[in-house]
2 protein chains.
Amino acid sequence: MAGTDHSEKAVEWDGPQPALVLVQPQMGENIGAAAGAMRNFGLDRMRLVAPRDGWPNPKAAALSSGAGRVLDGVSVHDTTAEALADCSYVFATTARPRDMIKPVMTPERAMAHARALLAAGQQVGFLFGPERAGLENADIARANAIVSVPVNPAFASLNLAQCVLLLAYEWRRQHDTVPPEVEELCRTRRASAIEVDKLQDHLEEKLEAAHFFWPAHKAPAMKLNLRNLLSRLPLTSADVRISHGILRALDRRRARRDTE
Amino acid sequence: MAGTDHSEKAVEWDGPQPALVLVQPQMGENIGAAAGAMRNFGLDRMRLVAPRDGWPNPKAAALSSGAGRVLDGVSVHDTTAEALADCSYVFATTARPRDMIKPVMTPERAMAHARALLAAGQQVGFLFGPERAGLENADIARANAIVSVPVNPAFASLNLAQCVLLLAYEWRRQHDTVPPEVEELCRTRRASAIEVDKLQDHLEEKLEAAHFFWPAHKAPAMKLNLRNLLSRLPLTSADVRISHGILRALDRRRARRDTE
C-alpha cells in the first residue's frame with residue numbers, strides 16, 4: 001500500500017477499456033502480479049494465450065494481491081490470433097524491432113491513442129510477450145503499432161508485471177479526476193486574514209515589550225518583513241491558536257525571569 | 001526486458017537528480033528491486049535509513065537485475081533526519097494522511113516540482129516507508145509535501161518497488177528526449193509519390209483488363225477510391241515492389257487459366 005491514495009470519496013472507474021493479452025506467460029506468479037498491477041489502475045480485462053502451466057493457476061491467485069476480479073474474468077486462447085479476434089487495433093509491447101515498419105510509440109502516446117480508439121467504439125488489445133524471450137516476430141507482425149518504454153539505454157530490466165504496471169498507470173494517469181495537487185485541511189481550516197492579523201499584532205506587542213524593534217527608524221521595515229513572513233506561511237486556525245499560546249508562554253517565562 | 005527500447009543511439013542520462021530514501025526497509029530483495037526500478041529510468045541515488053538486515057545485503061544485489069551502480073552508491077543512516085540532512089525539499093510517498101496539513105500531489109505534479117527545485121540548485125529527497133507499515137507520522141511530518149499515487153480506490157496494492165518504479169518512470173517521462181511516436185524505416189524507405197502513382201497505374205491497367213471498372217460511368221469514382229486507398233497505406237518502396245510482383249503473378253495465373 002506504499003504511497004497510495006485510498007480516499008473513501010473515490011469510486012470504481014468504469015467505461016470501455018483495452019484488453020491486455022499475455023502471450024505464453026510462463027510463471028503463474030507473473031500472471032498474478034500483472035493482474036494486481038492492472039487492478040491498481042482500474043484495468044480488468046486480461047486474456048492469456050497458451051499459458052505454460054495451464055489455467056486456472058493457483059500461483060497466480062497467490063500473487064495477485066487479491067485481484068480476483070481480473071483473474072476470474074480471464075479468457076484463455078490457443079493462439080494470439082484467437083485472442084485478438086475482436087480487436088481492431090493492436091499494440092505490441094516490445095523493444096523497438098529492427099526489421100519491421102510500424103509506428104513506435106511511448107506508453108504515453110500509445111495510451112492516448114488507445115483512449116481515442118475506445119471512445120470511437122473500437123476494441124483495442126495490448127500484447128505482452130513471455131518472460132525473458134518477449135514477443136515473437138509472428139505476433140509483433142499482427143500489431144498495428146509498437147509500444148516501447150523509454151528506459152535507460154545502459155540498463156533495461158523491466159519484467160512482465162512492471163511493464164503491465166507502467167502501461168496501466170499511463171492508462172489511468174492521462175484521464176484521472178484526481179487533481180494534481182490538493183492541500184489537506186481535514187480536521188481544521190486555514191486561518192482567516194483577521195486571525196493572521198491578530199497574531200501579527202500579538203507578536204508585535206510582545207516584541208515591542210522585548211525591545212526587538214531597534215533601531216527605531218528601522219521598526220516599520222522590520223514589522224513589514226514579519227507580516228510578509230506570516231502571510232507566506234500556510235497557517236491553519238489551530239496553528240494560530242498554538243502561536244498565541246507560545247507567545248504567552250514565552251512572555252510568562254520572561255516575566256518570571258525578570259522577577260527572579 | 002519486456003517492452004523496452006534499448007536503442008543504441010541513446011546515451012546515459014546525467015544532471016541533478018533527487019535522492020530516494022528508503023526508511024527501515026525490511027527485505028533485501030525489495031531494496032534490490034527498488035534499485036533496479038530506479039536504474040531503468042536513470043535514477044542512481046539511494047539512501048537507506050536503518051535497514052532491518054544491515055548493509056550490504058547480498059539479497060539486494062541478487063534482485064537488483066545488476067543495478068550495482070545504485071547499490072554501490074547507497075548511503076546508510078541511523079535516522080531519517082540524518083538521511084535528509086542536505087535536502088531542502090522532501091516528499092513523503094504515502095496514502096493521504098488524515099491529520100496533517102500538507103500539499104498532496106500526484107507523482108506527475110511532484111516530479112515536475114522536483115525537477116524545478118533541482119534545476120534551481122536545491123536538493124530534493126523522496127521518502128519511502130517500510131513494506132506493509134508505510135511511513136510513520138514522525139517521518140511524514142518532516143516532509144514538505146505528500147506524493148500519493150492515485151490508485152483504484154477499490155483496490156490498492158502497490159508494493160515498495162512498484163511505488164519506486166512509478167516515481168522513477170514519472171521522473172523520466174516528463175523530460176524524455178524520446179519522441180512520442182516514430183515510424184521505423186530501418187532497412188527500407190517509405191515509397192515516394194511517383195512509386196505509388198506507378199503502382200496505381202499498374203493496378204488500374206490490370207483491373208481494366210479484368211473488366212473490374214463496371215458500370216463504365218462509375219469507373220472514375222472507383223479509380224479515385226482506389227487512389228485514396230493506396231495513398232492511405234504506409235507503403236515502403238519494398239511494399240510497392242512486392243505489390244507489382246503480386247499483380248504480375250495474378251495476371252500470369254489469369255492468363256494461364258484463360259488458355260486452359
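Which residue follows α8(A) with a positive phi? The residue is H211(A), and its phi is near 55 degrees. I shall return to that helix shortly, after a few words on the model as a whole.

Good morning, colleagues. What I am presenting is a predicted model. Its scores are ipTM 0.78 and pTM 0.80. For chain A, the average pLDDT is 86, and 90% of the residues reach at least 70. One stretch calls for caution: across residues 6-11 of chain A, pLDDT stays under 50. For that stretch the model has nine contacts beyond four places in sequence.

Let me describe chain A in outline. It contains ten helices and eight strands. Of its 260 residues, 48% are buried. If we take the contacts between residues at least 6 apart in sequence, 81% of them join residues at least 24 apart. The accessible surface amounts to about 12,800 Å², and carbon and sulfur atoms account for 54% of that area.

I now come back to helix α8, which covers residues 193-209 of chain A. With 17 residues at 1.5 Å each, α8(A) should span 24 Å, and because its end C-alpha atoms are 24 Å apart, expectation and model agree. Several of its residues are buried, among them V196(A), L199(A), L203(A) and L207(A). The buried set also includes charged residues, such as E195(A), E204(A) and K206(A).

Q200(A), in this same helix α8, deserves a closer look. Its relative accessibility is 1%, so it counts as buried. Which residues does Q200(A) touch, leaving aside those up to four places away in sequence? They are K223(A), L226(A), R227(A) and L230(A).

R227(A) appears again in a salt bridge: its side chain meets that of D197(A), with 2.9 Å from N to O. This pair links distant parts of the chain, since D197(A) belongs to helix α8 and R227(A) to helix α9, residues 219-232, the two being 30 residues apart. Both partners are partly exposed: D197(A) has a relative accessible area of 33%, and R227(A) has 32%.

Helix α8 also has a neighbour in helix α10, residues 237-259, where H244(A) is placed. H244(A) touches K198(A), L199(A) and H202(A), again not counting residues up to four places away. Is H244(A) buried or exposed? Its relative accessible area is 17%, and the cut-off for buried is under 20%, so H244(A) is buried.

I242(A), also in helix α10, presents another picture. At 52% relative accessibility, I242(A) counts as exposed. Together with I246(A) and L250(A), I242(A) forms a nonpolar patch on the surface, with about 300 Å² of accessible area in total. The spacing of such residues may be read with the helix in mind: an α-helix has 3.6 residues a turn, so residues three or four places apart point the same way.

I turn next to charge pairs. In general, side chains of opposite charge can pair when their charged atoms come close. Over all chains, the whole structure holds 26 salt bridges. One of them joins R173(A) and E108(A), whose closest N and O atoms are 3.5 Å apart. Why does this pair tie together separate parts of the chain? R173(A) lies in helix α7, residues 160-173, and E108(A) in helix α5, residues 107-119, so the parts that are joined are 65 residues apart in sequence. R173(A) is buried at 13% relative accessibility, whereas E108(A) is partly exposed at 30%.

Chain B has a pair of its own. The side chains of E108(B) and R173(B) meet in a salt bridge, with 3.5 Å from N to O. E108(B) lies in helix α5 of chain B and R173(B) in helix α7 of chain B, so this pair ties together parts 65 residues apart in sequence. E108(B) counts as partly exposed at 29%, and R173(B) as buried at 12%. Through shared partners, salt bridges join E108(A), E170(A), R173(A), E108(B), E170(B) and R173(B) into one network.

Finally, one position in a loop of chain B. G54(B) is found between β2 (46-49) and α2 (58-62). At 27% relative accessibility, G54(B) counts as partly exposed. Its C-alpha atom is separated by 9.0 Å from that of V76(B), a residue 22 places away along the chain.

Thank you for your attention.

Conventions
Residues numbered from 1 in each chain as written. Chains lettered and ligands numbered in written order. Predicted model: local features only at pLDDT ≥ 70, side-chain atom pairs only at ≥ 80, totals over all residues. Heavy atoms only, no water. Helix = DSSP H or I, 4+ residues; strand = E, 2+ residues; numbered from the N terminus. Buried < 20%, exposed > 50% of the residue type's maximum accessible area, 1.4 Å probe, protein only. Contact = heavy atoms within 4.5 Å. Areas by Shrake-Rupley, 256 points an atom, 1.4 Å probe, with all protein chains shown as cover. Patch = residues over 30% accessible without salt bridge, like charges linked within 9 Å, V, L, I, M, F, W, Y side chains within 5 Å. Salt bridge = Lys/Arg side-chain N within 4 Å of Asp/Glu carboxyl O. Expected span 1.5 Å × (residues − 1). pLDDT = per-residue confidence, 0-100.
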